[in-house]
Amino acid sequence: MELDLAGAELRAVLNRLRRAQGQIAGVIRMIEEGRDCEDVVTQLAAASRALDRAGFAIIATGLQQCLVDGEDGTKPAEDREQMRARLEKLFLSLA
């Protein structure tokens, strides 16, 4: 399955991933500095949410592409079903 993100979608996903990257760097610094456990976990949870949202955005784009391909008849029904199953598996891996 090839990912085809348009400009705005790509920027949104990259922004979420960069946000998560910054949050993870913050968690590492907090641990190195011996910060409060509650603060570390709160920051880690924020990073996890940012990663989840990026993953869901990527999967949503895949679903949209799958639906469009199915509507215009460019993919056989068997291919569409395999794609649906793969997207479902990806989605569940984030749940």
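This text walks through the predicted model, from its overall fold to single residues.

The protein holds 3 helices and 0 strands. Read from the N terminus, the order of elements is α-α-α. The chain has 95 residues, and 20% of them count as buried. Its accessible surface is about 6800 Å². Carbon and sulfur atoms own 55% of that surface. Sequence-distant pairs weigh heavily in the contact count: among contacts with a separation of 6 or more, 69% join residues 24 or more positions apart.

Confidence comes next. The mean pLDDT of the protein is 81, and 78% of the residues score at least 70. Helix 1 has the highest confidence, at 90. Helix 3, residues 77-94, has the lowest, at a mean of 75.

Start with helix 1, which covers residues 7-32. Its 26 residues should span 38 Å at 1.5 Å a residue. The end C-alpha atoms lie 37 Å apart, which agrees with that expectation. The buried residues of this helix are V13, A20, Q23, G26, V27 and M30. An α-helix has 3.6 residues a turn, so residues three or four places apart point the same way. Several of these buried positions return below as partners of helix 2.

Helix 1 also feeds the surface. L10, L14, L17, I24, I28 and L51 make a nonpolar patch of about 450 Å². Helix 1 gives the most to this patch, with 5 residues. I28 is one of the patch residues, and I28 lies in helix 1. Its relative accessible area is 46%, so I28 is partly exposed. Patch residues must have over 30% relative accessible area, and I28, at 46%, therefore clears that cut-off.

What follows helix 1? G34 does, with a positive phi near 75°. On either side of that glycine in the numbering sit E33 and R35, whose side chains meet in a salt bridge. The N to O distance is 3.8 Å. The cut-off for such a bridge is 4 Å, so this pair qualifies. Side chains of opposite charge can pair when their charged atoms come close. E33 is exposed, with a relative accessible area of 55%. R35 is partly exposed, at 42%. A search of the whole structure finds 1 salt bridge.

Helix 2 takes up residues 37-71, and Q43 has its place there. How exposed is Q43? Its relative accessibility is 25%, so Q43 counts as partly exposed. Leaving aside neighbours within four places in sequence, Q43 contacts Q23, V27 and M30. Those three are among the buried residues of helix 1. Q43 and M30 are 13 residues apart in sequence, and their C-alpha atoms are 9.1 Å apart in space.

Now view the contact from the other side. Q23 is in helix 1. Its relative accessibility is 15%, under the 20% limit, so Q23 counts as buried. Not counting residues up to four places away in sequence, Q23 touches Q43, A46, A47 and A50. The two glutamines, Q23 and Q43, thus appear in each other's contact lists.

Continue along helix 2 to A50. A50 is buried, with a relative accessible area of 5%. Beyond its neighbours within four places in sequence, A50 is in contact with R16, A20 and Q23. A20 and Q23 are themselves among the buried residues of helix 1. The C-alpha atoms of A50 and R19 are 6.9 Å apart, although 31 residues separate the two in sequence.

The last stop is helix 3, which includes L94. Is L94 buried or partly exposed? At 24% relative accessibility, L94 counts as partly exposed. The limit for burial is under 20%, so L94 falls outside the buried class. L94 touches D52, G55, F56 and I59, not counting residues up to four places away in sequence. L94 and R53 are 41 residues apart along the chain, and their C-alpha atoms are separated by 9.3 Å. Some caution applies here, as helix 3 is where confidence is lowest, at a mean of 75.

Notes:
Residues are numbered from 1 along each chain as its sequence is written. This is a predicted model: local features need pLDDT of at least 70, side-chain atom pairs count only at pLDDT 80 or more; totals for chains, interfaces and linings use all residues. Side-chain values use heavy atoms; hydrogens and water are left out. Helices (H or I, at least four residues) and strands (E, at least two) are DSSP runs, numbered from the N terminus. Buried means under 20% relative accessible area, exposed over 50%, partly exposed in between (1.4 Å probe, protein chains only). Contact means heavy atoms within 4.5 Å. Accessible areas come from the Shrake-Rupley method with a 1.4 Å probe; for residues, only the protein chains shown count as cover. Patches are made of residues with over 30% relative accessible area and no salt bridge: like charges are joined within 9 Å, nonpolar side chains (Val, Leu, Ile, Met, Phe, Trp, Tyr) within 5 Å. The expected span of a helix is 1.5 Å times one less than its number of residues. pLDDT is the predictor's confidence in each residue, from 0 to 100.
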